[in-house]
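The exercises below are meant to be worked through with the sequence and the coordinates at hand. Try each task before reading the solution that follows it.

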Amino acid sequence: MHNPSLKKKPITLFAAIILCCLFTSMADSKSILKDVRINQSDGETRLVLDLTEKVKYKLFTLNRPDRIVIDLYETDLAKGLKTKIKKSGLINEIRIARNNSRRIRMVIETSEILFYRLSAIPKNSNPNHRLVIDLKKAFEGSKKLAASSVNRKKFIVAIDPGHGGKDPGAQGSQVIEKDLVLKISKKLKKLIDEEKTMSAFLIRDNDSFPCPGNKKNCRQQESLSERISRAKKGGADLLISIHADAFSDSSVRGATLYALSDARKIRRGSDYKVMYRPKTKNNVRLQSKSSRKSLSRLTEDDLDAQDQSIEVGKHILREMMKEVRIRKKTPREAEFAVLKSTSVASVLIETSYLSNKNDEKFLINPRNQDKIVEAIVRGLKSYSASIRKDLAKK
Ligand SMILES: [Zn+2]
């Protein structure tokens with residue numbers, strides 16, 4: 001964001017003369033907005049403003065309807081330039097108007113709250129100075145999870161037993177992680193399937209290493225993104241990845257739940273910003289147009305929802321705490337690959353430490369495995385009840 005200074009300085013006569021001349025020369029070099037172009041690719045929308053000269057600008061965002069506003073200073077509109085641009089990609093409408101003698105205001109109404117990035121590209125081989133605004137969806141996973149947990153359709157959970165095949169994961173003295181987490185995952189699937197409104201599927205249901213195209217072997221990174229794409233293909237509302245930890249310090253104990261806020265799902269170092277985020281209790285609210293819709297018919301398009309991976313994680317942890325030793329009372333944010341998809345909400349549960357004798361003993365006991373999966377299912381139900389209650393109030 002660039003903030004032009006609008007502070008007024010006291011003007012002496014001498015300064016006024018200089019100012020007058022400066023103004024004239026600036027007026028001569030006024031920029032002209034020549035064109036506004038919109039491109040789309042892969043669910044992202046790019047808006048390009050072609051200007052004859054570098055301009056001062058200011059950008060801010062507004063909510064309900066969701067808008068990005070750009071003020072261009074000392075700028076004229078090219079003759080014949082359209083001042084209203086219709087729906088395209090993630091943009092609902094663009095309106096351009098002269099706000100006052102110094103300023104042109106461009107209002108970009110977007111389809112929902114988005115991630116945006118603005119870059120200024122100076123003239124090079126291209127004769128224009130360009131302002132480029134990239135827009136992309138960021139909350140699909142959050143919206144889907146919140147909507148599916150309250151409407152009457154089946155809530156689908158993808159369960160990812162960590163590791164598998166060539167990758168054993170953590171080594172305990174009596175069990176290895178890949179076998180243990182498969183066992184727990186199968187129990188979780190069975191319990192979820194017993195619920196009328198839920199169903200589950202496993203990302204792997206045997207001792208295999210998930211790879212794209214069912215290849216026998218692939219790199220770790222490919223396997224991790226394959227797990228996400230299997231979750232997406234299965235229409236999952238939530239991906240739960242099950243692990244068991246190991247640590248050099250064998251005294252470390254307890255379960256940990258990891259989840260990422262949506263902003264952190266965007267690549268580190270990315271210059272995307274999020275449009276204004278409404279703060280609500282569960283980070284969920286109905287879009288204004290959907291306020292009279294019955295909750296049982298809600299779809300993801302009816303909601304503004306953020307950070308639902310964290311929200312569902314809180315409920316699961318709260319239930320786990322009753323039966324299982326845990327390390328942290330709130331979800332921890334860590335950039336594990338399976339947590340980074342913005343299109344599927346996800347949590348990763350380290351059920352506890354195989355490097356700790358007591359934890360291992362606890363984990364290999366089938367009754368305790370039951371306790372863990374029962375807590376997860378109770379957590380899912382409690383999440384759903386909480387979202388339903390929150391949306392019903394509005
Ligand atoms: Zn693991």
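A nonpolar core is a set of buried Ala, Val, Leu, Ile, Met, Phe, Trp, Tyr and Cys residues joined through C-beta atoms within 7 Å. A residue is buried if 20 or more other C-beta atoms lie within 10 Å of its own, exposed if 12 or fewer, and partly exposed in between, with C-beta atoms placed from the backbone. The model is a predicted one, in which local features need pLDDT of at least 70 and side-chain atom pairs count only at pLDDT 80 or more, while totals for chains, interfaces and linings use all residues. Residues are numbered from 1 along each chain as its sequence is written.

**Exercise 1. The chain as a whole**

Describe the secondary structure, the extent and the domain division of the chain.

Solution. Begin with the secondary structure, which comes to eight helices and 18 strands; helices (H or I, at least four residues) and strands (E, at least two) are DSSP runs, numbered from the N terminus. Next, take the extent along the principal axes, where the C-alpha atoms fill a box of roughly 85 × 50 × 45 Å. Of the 394 residues, 38% count as buried. The chain is then divided into domain 1 (29-136) and domain 2 (140-265 + 283-392), with bounds that come from an automatic or database domain assignment. The C-alpha centres of domain 1 and domain 2 lie 40 Å apart. Finally, consider contacts, for which the C-beta atoms of two residues, placed from the backbone, must lie within 7 Å: among those with a separation of 6 or more, 73% join residues 24 or more positions apart.

**Exercise 2. The largest nonpolar core**

Find which residues of the largest nonpolar core touch the most other members, and which helix gives the most to this core.

Solution. The core holds 86 residues, and those touching the most other members are Val-157, Ile-159, Leu-238, Leu-239, Ile-240, Val-347 and Ile-376. The helix that gives the most to this core is H8 (residues 366-392), with eight residues. At least three residues of the core are drawn from each of domain 1 and domain 2. To follow one member in detail, take Ile-376, which touches Leu-188, Ile-240 and Ile-316 once residues up to four places away in sequence are set aside.

**Exercise 3. The mixed sheet and its helix**

Work out the strand order of the five-stranded sheet with mixed pairing, and locate the helix H7 that packs on the sheet.

Solution. The order in this open sheet is E12-E11-E13-E18-E14, where two strands pair if DSSP finds at least two bridges between them. At the edges are strand E12 (198-202) and strand E14 (256-258), each of which pairs on one side only. From one strand to the next, the twist averages 25°. Strand E13 (residues 238-245) and E18 run parallel and are joined by seven bridges, and Ile-240 has Val-347 as its bridge partner in E18. Helix H7 (residues 357-364) packs on the sheet by touching E13 and E18, and its direction makes about 115° with that of E18; axes here are lines fitted to C-alpha atoms, for helices over the stretch in contact, and angles run from 0 to 180 degrees between N-to-C directions.

**Exercise 4. The antiparallel sheet**

Identify the edge strands of the five-stranded sheet with antiparallel pairing, and give the bridge partner of Lys-84 in E7.

Solution. The strands of this open sheet follow the order E3-E4-E8-E7-E6, and strand E3 (57-62) and strand E6 (84-85) are its edges, each pairing on one side only. E6 pairs with strand E7 (residues 91-100) in the antiparallel sense over two bridges. The partner of Lys-84 in E7 is Arg-95.

**Exercise 5. Buried or partly exposed?**

Classify Phe-115, Ile-364 and Arg-327, and list their contacts beyond four places in sequence.

Solution. Phe-115, in strand E9 (residues 115-121), counts as buried because it has 21 C-beta neighbours inside 10 Å. Its contacts are Lys-136, Ala-138, Ile-266, Tyr-272, Lys-273 and Val-274. Ile-364 is in helix H7 and counts as partly exposed, since 17 C-beta neighbours lie inside 10 Å. Ile-364 touches Gln-174, Val-175 and Leu-180, and its C-alpha atom is 7.7 Å from that of Val-175, although the two are 189 residues apart along the chain. Arg-327, found in the loop between helix H6 (308-320) and strand E18 (345-353), is partly exposed because it has 15 other C-beta atoms within 10 Å. Arg-327 touches Gly-254, Ala-255 and Thr-256.
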